[in-house]
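Student: I would like a close look at a single part of this model, with its surroundings described residue by residue. Could you take me through one strand and then through whatever packs against it?

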Amino acid sequence: MRLAEKDAVQASFESPSRINPFEIPLADKVAFLKEMDGKLDQKGVFQRVSSLTFIRKQIVFLDSEGSQIEKRITEVFAGLEVNGLDEHGETFERKFHLDQHGESRGWESIDQPFFAENAERIVRELNQVLKAEECPKEDRSVILLPGIMYLQTHETIGHALELDRILGYELAFGGRLVCDPERFRQVALTAPRS
């Protein structure tokens, strides 16, 4: 089969990274985690987690038209988490994870003061939650804005009426479809026209 004409593309991409995290000595990584752990080791915290994960991947795309595109991607995942118990024994947690939206993916993305600031922030917030008054529990009216109703209609009715489900090709985790092709045809024929 002959597909649409297209030019062969020869290209490469490497994700931005000023400091390769795989070239940082293990001792420096451990020292960073120990420093963060020290900032999390505060009153009110009974469990704390500091983590660093580095991933390097190479993706090569080839097609029969002669295109060859290579991507070399380095990813840095770093996070902090604290857990604490309130006076009733209920567990609460606060987390911070490095947010990467198009920015650098090198060691420099974690080697910044804001990581230490967020360590202090999540401990402070955890202690505020542990001391906070309990939310009142009572029946109340809820007002739903139109956007929520659109979403609810989409999820409960729209997905159930997708053609692949009507024809029996897909089952949702919620159970089987109740609208078979004949029932769908009847509904479609009797629906008011505008």
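Tutor: Let us begin with N83, which is a residue of strand 3 in what is a predicted model. N83 counts as buried because its relative accessibility is 5%, under the 20% that sets the limit for a buried residue. Leaving out residues up to four places away in sequence, N83 touches G44, V45, F46 and Q47, then T91, F92 and E93, and also L126. Two of these contacts lead on to other parts of the answer: L126 is among the buried residues of helix 2, and F92 belongs to the lining of the largest pocket.

L80 is likewise found in strand 3, and it is buried, with a relative accessible area of 1%. Apart from neighbours within four places in sequence, L80 is in contact with M36 and L40, with V49 and S50, with R94, K95 and F96, and with F115, A119 and I122. The residues F115, A119 and I122 are themselves listed among the buried residues of helix 2. L80 also has S51 at 6.6 Å, C-alpha to C-alpha, although 29 residues separate the two in sequence.

The third residue to consider, T74, lies in strand 3 as well. T74 is buried, since its relative accessible area is 12% and the limit is 20%. The residues that T74 touches, again without those up to four places away in sequence, are S15, P21, F22, I55, R56 and R105. Between T74 and Q58, which are 16 residues apart in sequence, the C-alpha to C-alpha distance is 8.9 Å.

Helix 2, which supplies some of the contacts just described, has 19 residues and spans 28 Å from its first C-alpha to its last, close to the expected 27 Å. Its buried residues are F115, A116, N118, A119, I122, V123, L126, N127 and L130, and they pack against helix 1 (26-40), strand 3 (68-85) and strand 4 (91-97). For reading such a list, it helps that an α-helix has 3.6 residues a turn, so residues three or four places apart point the same way.

From this helix we can pass to the largest pocket, whose volume is about 230 Å³. Helix 2 (residues 113-131) gives the largest share of the lining, 3 residues. The lining is made up of D86, E87, H88, E90 and F92, together with V129, L130, K131, A132, E133 and E134, and by character these residues divide into 4 nonpolar, 1 polar and 6 charged. L130 thus appears both in this lining and among the buried residues of helix 2.

To place the strand in the whole chain, there are 5 helices and 4 strands, which from the N terminus on follow the order β-α-β-β-β-α-α-α-α. Of the 194 residues, 23% count as buried, and the accessible surface comes to about 14,800 Å², with 54% of it belonging to carbon and sulfur atoms. Among contacts between residues at least 6 apart in sequence, 63% join residues at least 24 apart.

Note on methods:
Residues are numbered from 1 along each chain as its sequence is written. This is a predicted model: local features need pLDDT of at least 70, side-chain atom pairs count only at pLDDT 80 or more; totals for chains, interfaces and linings use all residues. Side-chain values use heavy atoms; hydrogens and water are left out. On a 1 Å grid over the protein atoms alone, a cavity is a set of points where a 1.4 Å probe fits but cannot get out, and a pocket is an open set with protein on both sides within 12 Å along at least five of seven lines; lining residues have an atom within 4 Å of a point. Grid points are joined across faces, edges and corners, and a volume is the space filled by probe spheres set on the points. Helices (H or I, at least four residues) and strands (E, at least two) are DSSP runs, numbered from the N terminus. Ala, Val, Leu, Ile, Met, Phe, Trp, Tyr, Cys and Pro count as nonpolar, Asp, Glu, Lys and Arg as charged, and the others, Gly among them, as polar. The expected span of a helix is 1.5 Å times one less than its number of residues. Buried means under 20% relative accessible area, exposed over 50%, partly exposed in between (1.4 Å probe, protein chains only). Contact means heavy atoms within 4.5 Å. Accessible areas come from the Shrake-Rupley method with a 1.4 Å probe; for residues, only the protein chains shown count as cover.
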